[in-house]
Amino acid sequence: MIDKIIKNQTILKNLYYEKLDKLRETFDFNNPTPTFEEMQKYASNLQEEIKKHFSLQEKLKNQINPQVDKIILENMLVKEMLIRMSQKIIDGAKNQDINIFSFFDDFEEILRAYLLKEEGLFLQELNMATNENEKEKIKTILS
């Protein structure tokens with residue numbers, strides 16, 4: 001039913017986990033500018049992927065039923081939080097703030113928790129909130 005959302009989630013996970021580890025491993029205190037420039041680009045890309053990811057869910061808003069709308073609105077709160085946090089990472093990288101790496105940990109925790117929820121609870125909630133016709137409508141909207 002939400003294969004497209006899960007597929008996009010894989011892109012988001014790969015972008016986040018692979019790049020963040022690389023940035024941490026390659027940081028050079030003697031020459032931090034390249035790492036901060038890379039971090040700024042990376043956080044901008046991540047922010048765009050977050051927007052794309054949640055836009056898939058936004059397509060369902062006001063299309064199925066009030067229970068689905070409630071589920072989607074809860075996820076939009078997470079979207080706003082992740083967008084704001086990614087913007088803080090972009091700003092910290094522009095200012096070459098070394099403390100931004102610790103902020104990444106908070107961002108990672110929220111993103112990881114959300115992605116885990118989406119893989120299990122989100123699908124379960126959608127299944128419980130929809131009938132067969134509504135599930136078909138979701139597939140159509142997301143295709």
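Trainee: What percentage of the 143 residues in the protein chain is buried?
Mentor: This is a predicted model, in which local features need pLDDT of at least 70, side-chain atom pairs count only at pLDDT 80 or more, and totals for chains, interfaces and linings use all residues. Residues are numbered from 1 along each chain as its sequence is written, and side-chain values use heavy atoms, with hydrogens and water left out. A residue is buried under 20% relative accessible area, exposed over 50% and partly exposed in between (1.4 Å probe, protein chains only). Among the 143 residues of the protein chain, the buried share is 44%.

Trainee: Which element of the protein chain has the highest mean pLDDT?
Mentor: The term pLDDT is the predictor's confidence in each residue, from 0 to 100. Its mean over the protein chain is 84, and 97% of the residues reach 70 or more. Where pLDDT is low, the predicted coordinates should not be read in detail. The lowest mean among the elements, 73, belongs to helix H1 (residues 3-26), and the highest, 92, to helix H3 (residues 66-94).

Trainee: How many helices and how many strands are there in the protein chain?
Mentor: Helices (H or I, at least four residues) and strands (E, at least two) are DSSP runs, numbered from the N terminus. Read from the N terminus on, the elements run α-α-α-α-α. The C-alpha trace spans about 60 × 20 × 20 Å along its principal axes. The count for the protein chain is therefore five helices and zero strands.

Trainee: Among contacts between residues at least 6 apart in sequence, what percentage joins residues at least 24 apart?
Mentor: A contact means heavy atoms within 4.5 Å. For contacts in the protein chain between residues at least 6 apart, the share that joins residues at least 24 apart is 77%.

Trainee: Which helices supply at least two residues each to the largest nonpolar core?
Mentor: A nonpolar core is a set of buried Ala, Val, Leu, Ile, Met, Phe, Trp, Tyr and Cys residues joined through side-chain atoms within 4.5 Å. In soluble globular proteins, nonpolar side chains tend to be buried together. The largest core here has 41 residues, of which Tyr16, Met39, Ile50, Ile89, Phe104 and Phe107 touch the most other members. The helices that each supply at least two residues of this core are H1, H2 (33-58), H3, H4 (100-129) and H5 (132-142).

Trainee: Which residues does phenylalanine 104 touch, not counting those up to four places away in sequence?
Mentor: Phe104 is one of the core residues that touch the most other members. Without residues up to four places away in sequence, those touched by phenylalanine 104 are Tyr16, Leu20, Arg24, Met39, Tyr42 and Ile89.

Trainee: Is asparagine 8 buried or exposed?
Mentor: Asparagine 8 has its place in helix H1. Residues up to four places away in sequence aside, asparagine 8 touches Glu49, Lys52, His53 and Leu56. With a relative accessible area of 11%, asparagine 8 is therefore buried.

Trainee: Is lysine 7 buried or exposed?
Mentor: Lysine 7 also lies in helix H1. Its C-alpha atom is separated by 9.5 Å from that of histidine 53, 46 residues apart along the chain. Because its relative accessible area is 62%, lysine 7 is exposed.

Trainee: With which residues is glutamine 47 in contact, leaving aside its neighbours within four places in sequence?
Mentor: Glutamine 47 is found in helix H2. Its relative accessible area is 8%, so glutamine 47 is buried. Beyond its neighbours within four places in sequence, glutamine 47 is in contact with Ile83, Ser86, Gln87 and Ile90.

Trainee: How many Å apart in space, C-alpha to C-alpha, are isoleucine 64 and lysine 137?
Mentor: Isoleucine 64 is placed in the loop between H2 and H3, and its relative accessible area of 14% makes it buried. Its contacts, its neighbours within four places in sequence aside, are Thr130, Glu134, Lys137, Ile138 and Ile141. Although isoleucine 64 and lysine 137 are 73 residues apart in sequence, their C-alpha separation in space is 7.5 Å.

Trainee: Near how many degrees is phi of asparagine 62?
Mentor: Asparagine 62 lies in the loop between H2 and H3. At 61% relative accessibility, asparagine 62 is exposed. Its phi is positive in a residue other than glycine, with a value near 60 degrees.
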